[in-house]
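This report walks through the helices, the nonpolar interior and the enclosed spaces of one protein model. Please keep the sequence and the 3D view open while reading.

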Amino acid sequence: MSGAECMKNPPTLNSATGIGNLQEIGGLNSYVSGSIHSKLAILLISDVFGYEAPLLRKLADKVAASGYLVVVPDFFYGEPLDREKHDLQTWFKDHGIDKGCEDAKVVVEHLKSKGVSAIGAAGFCWGGMVVSQLAKYESTIDAAVILHPGPITVDDINEVKVPTAILAAEHDHIFPPDQAKLLGNALSTKPEIESFVKIFPGVEHGWTVRYNVEDESAVKAAEEAHSDMLNWFTEFIK
């Protein structure tokens, strides 16, 4: 998953951005937005650039405004991908999907111990692959949204046990539209699992959290995906 698309348009990280606050959740430093009294939580799992990305935190605040407690953990332990500092293959080896999934489970259990009754998870690129793993555990999360993920196989999708939405880009070599359609076909054979697959025309990998805020069409496409994600959670996280 170390293709050029994964690294395109890196955000300028800012630890102070957003209207939420920083807390330790399940042992991970996390950006938290929304009411601590909400029984409904959404876990947002970042791409390789981590939880200090301003547009990701802006999205967290937007989701929180709908009544959810939103948690964006630092799954990279203070070490998001920096192409000038890290060897790509070494970084991906050190920040594996399996470890991300195990860490996410701990975050989920922490939230449940505080009284949260339903949890949705959305993941972007690297985070999309983590969410595809989390969705295999019915007792962990209640709904999943996977946005322009890294490589996900039919075998992965065949194991999901919660309502799952996949939002994909028309122009994406990491997760091509044909793969999204293939996974959609696999999901359609599981009538017990609600599913939704949508391919967004004219956009590239990363469009939902790494868009140009001055490009009206890019903002519109990102906001459409955000609305689809929120609608999915509105339907299943309640």
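In this predicted model, Gly-115 follows helix α4 and has a positive phi, near 105°. The helix that precedes Gly-115, α4, has 17 residues and reaches 24 Å from its first C-alpha to its last, close to the 24 Å expected at 1.5 Å a residue. Its buried residues are Ile-97, Gly-100, Cys-101, Asp-103, Ala-104, Lys-105, Val-107, Val-108 and Leu-111, and these pack against strands β1 (21-25), β2 (28-33), β3, β4 (69-73) and β5 as well as helix α5. Residues three or four places apart in an α-helix point the same way, because there are 3.6 residues a turn.

Beyond α4, the chain passes through a loop towards β5, and Val-116 lies in this loop. Is Val-116 buried or exposed? With a relative accessibility of 8%, Val-116 counts as buried, because the cut-off for burial is under 20%. Leaving out residues up to four places away in sequence, Val-116 touches Ser-38, Lys-39, Leu-40, Ala-41, Leu-69 and Leu-111. Phe-76, by contrast, is 40 residues from Val-116 in sequence and lies 24 Å away, C-alpha to C-alpha.

Strand β5 itself covers residues 118-124 and contains Ala-122. Ala-122 is buried, with a relative accessible area of 0%. Apart from residues up to four places away in sequence, its contacts are Leu-43, Leu-44, Ile-45, Val-131, Val-145, Leu-147, Met-229 and Phe-233. The C-alpha atom of Asn-14, which is 108 residues from Ala-122 along the chain, is separated from that of Ala-122 by 21 Å.

In soluble globular proteins, nonpolar side chains tend to be buried together. The largest nonpolar core of this model has 50 residues, among which Leu-43, Ile-45 and Leu-111 touch the most other members. Helix α4 supplies the largest share of this core, with six residues. A second, separate core holds 33 residues, including Tyr-31, Ile-42, Phe-200 and Trp-207. Within the wider surroundings of Leu-43, neighbours up to four places away in sequence being set aside, the contacts are Val-71, Pro-73, Ala-104, Val-107, Val-108, Gly-120, Ala-121, Ala-122 and Leu-134.

Two contacts of Ala-122, Met-229 and Phe-233, are also listed among the buried residues of helix α8. The 21 residues of α8 (residues 216-236) should span 30 Å at 1.5 Å a residue, and the separation of 31 Å between its end C-alpha atoms agrees with this. The buried residues of α8 are Ala-218, Val-219, Ala-221, Ala-222, Ala-225, His-226, Asp-228, Met-229, Leu-230, Trp-232 and Phe-233. These residues pack against β3 (40-45), α2 (54-64), β5, β6 (143-147), β7 (164-171) and β8 (195-204).

Most residues other than glycine have a negative phi. Two residues with a positive phi are set out below.

| Residue | Phi | Loop |
|---|---|---|
| Cys-125 | about 55° | between β5 and α5 (126-134) |
| His-148 | near 30° | between β6 and α6 (154-158) |

Cys-125 is buried, with a relative accessible area of 0%, and His-148 likewise counts as buried, at 0% relative accessibility.

The remaining topic is open and enclosed space. The largest pocket holds about 270 Å³ of space. Its lining consists of 15 residues, and Asn-9, Glu-204, Trp-207, Tyr-211 and Ala-218 are those nearest its centre. Strand β8 and helix α8 each supply at least two residues of this lining, which by class comprises five nonpolar, six polar and four charged residues. Ala-218 is also one of the buried residues of α8, and Trp-207 is included in the second core.

How many cavities of 30 Å³ or more does a search of the whole structure find? The search finds one, and the largest cavity contains about 40 Å³ of space. Its lining is formed by Pro-11, Ser-46, Asp-47, Gly-50, Ala-53, Leu-56, Val-209 and Arg-210, which divide by class into four nonpolar, two polar and two charged residues.

Terms used. Residues numbered from 1 in each chain as written. Predicted model: local features only at pLDDT ≥ 70, side-chain atom pairs only at ≥ 80, totals over all residues. Heavy atoms only, no water. Helix = DSSP H or I, 4+ residues; strand = E, 2+ residues; numbered from the N terminus. Buried < 20%, exposed > 50% of the residue type's maximum accessible area, 1.4 Å probe, protein only. Contact = heavy atoms within 4.5 Å. Expected span 1.5 Å × (residues − 1). 1 Å grid on protein atoms, 1.4 Å probe; cavity = no way out; pocket = protein on both sides within 12 Å on 5 of 7 lines; lining within 4 Å. Points joined across faces, edges and corners; volume = space filled by probe spheres on them. Nonpolar A, V, L, I, M, F, W, Y, C, P; charged D, E, K, R; others polar. Core = buried A, V, L, I, M, F, W, Y, C linked by side-chain atoms within 4.5 Å.
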